[in-house]
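Reader: Please take me through this model one question at a time. I'd like to look at it alongside your answers.

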Amino acid sequence: MGTVIVLLGPPGSGKGTQAKRLVEELGIPHVSSGDLFRHHLSEGTELGKRAKSYMEKGELVPDDVTVDMVIDRISRPDCEEGVILDGFPRTLTQAEALDEELEERGQSITIAPLIQVSDDEVMRRLTARRVCEDCGAVYNLIFNPPEEEGVCDVCGGDLYQREDDNPETVRHRLYTYYKETSPLIGYYFARDLLVRIDGEQTVEEVHQDLQEAIKAAKEQG
Ligand code: AMP
């Protein structure tokens with residue numbers, strides 16, 4: 001049975017950054033629902049058109065659309081050995097749909113790490129976030145600026161600011177997180193899958209805590 005990791009935490013808690021680090025070590029893919037939506041948006045697909053207005057407002061795309069998109073992605077052969085989910089599930093309906101899908105395949109969630117970060121820190125991080133257009137590397141103008149302004153250290157691609165990383169939308173995304181997504185903390189706690197991680201440490205320290213928690217969960221499972 002594969003390793004299924006559900007990364008929980010508010011926007012800006014570092015789920016994407018940490019997921020990318022874990023891919024190398026665990027050899028399983030990183031599936032980010034936000035990245036999938038942004039891909040559809042940039043390709044101008046029907047799904048992208050449906051998702052656009054929700055994303056711009058910092059609201060959740062309806063569950064049926066989201067569940068189909070993510071289940072379709074994790075049904076591909078590269079996810080047979082497991083997957084690192086980032087940004088999905090974000091509602092109880094999505095969490096239940098995921099459980100059902102995994103059960104059908106004889107799989108189950110290994111661990112649901114919750115990366116905890118304060119509201120002030122979320123506001124600070126997201127409004128200073130920049131992302132590489134080409135390779136998706138994430139920078140922060142305050143804590144982790146690129147060597148050359150606007151240029152990715154890794155691949156030389158152009159850096160951009162996500163449209164939903166403005167203060168007003170970030171506040172609304174955080175509101176949406178509390179309202180719709182925070183019930184998942186109880187959902188996974190009840191299943192003994194929740195592990196709280198201090199997300200205000202350095203990227204390396206958070207990574208180490210995650211690694212240890214995942215190792216322990218795999219040994220238990
Ligand atoms: P993210 O990159 O995870 O912050 O996601 C960006 C935006 O995509 C969110 O603000 C939502 O509008 C949408 N989105 C991403 N994942 C989901 C999800 N699991 N359910 C509903 N909407 C989502």
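Reader: Which residue lies over the face of Y187?
Author: This is a predicted model: local features need pLDDT of at least 70, side-chain atom pairs count only at pLDDT 80 or more, and totals for chains, interfaces and linings use all residues. Residues are numbered from 1 along each chain as its sequence is written, and side-chain values use heavy atoms, with hydrogens and water left out. A charge sits over a ring if NZ of Lys or CZ of Arg is within 6 Å of the ring centre and within 35 degrees of the ring normal. Over the face of Y187, at 3.6 Å from the ring centre, lies R191.

Reader: How many aromatic pairs does the structure hold?
Author: Rings of Phe, Tyr and Trp (its six-membered ring) pair if their centres lie within 6.5 Å; planes under 30 degrees apart count as stacked, over 60 as edge-to-face and the rest as tilted. The number of aromatic pairs in the structure is 2.

Reader: What kind of aromatic pair do Y177 and Y178 form?
Author: Their rings are 5.6 Å centre to centre. With 65° between the planes, the pair of Y177 and Y178 is edge-to-face.

Reader: Does burial differ here, and what relative accessibility does Y178 have?
Author: Buried means under 20% relative accessible area, exposed over 50%, and partly exposed in between (1.4 Å probe, protein chains only). Y177 is buried, at 10%. Y178 counts as partly exposed, with a relative accessibility of 41%.

Reader: Why is the pair of Y187 and Y188 edge-to-face?
Author: Both Y187 and Y188 are buried. The two ring centres are 5.1 Å apart. The pair is edge-to-face because the planes of Y187 and Y188 stand at 85°.

Reader: Which strands are at the edges of the sheet with the order β1-β3-β2?
Author: Strands (E, at least two residues) and helices (H or I, at least four) are DSSP runs numbered from the N terminus, and two strands pair if DSSP finds at least two bridges between them. This open sheet of 3 strands has parallel pairing. Each edge strand pairs on one side only, and these are β1 (3–7) and β2 (30–32).

Reader: What is the bridge partner of H30 in β3?
Author: β2 pairs with β3 (residues 82–86) in the parallel sense, over 3 bridges. In β3, H30 has as its bridge partner I84.

Reader: What angle does the direction of helix α2 make with that of β2?
Author: Helix α2 (residues 33–43) packs on the sheet and touches β2 and β3, where contact means heavy atoms within 4.5 Å. Axes are lines fitted to C-alpha atoms, for helices over the stretch in contact, and angles run from 0 to 180 degrees between N-to-C directions. Between the directions of α2 and β2 the angle is about 65°.

Reader: Within what arc do the buried residues of α3 fall?
Author: In helix α3 (residues 46–57), the buried residues are G48, A51 and M55. They line one face of the helix, because seen down the axis (using directions from the helix axis to the C-beta atoms) they fall within an arc of 75°.

Reader: Which residues are exposed on the other side of α3?
Author: The cover over the buried residues of α3 includes α2. On the other side of α3, the exposed residues are E46 and K49.
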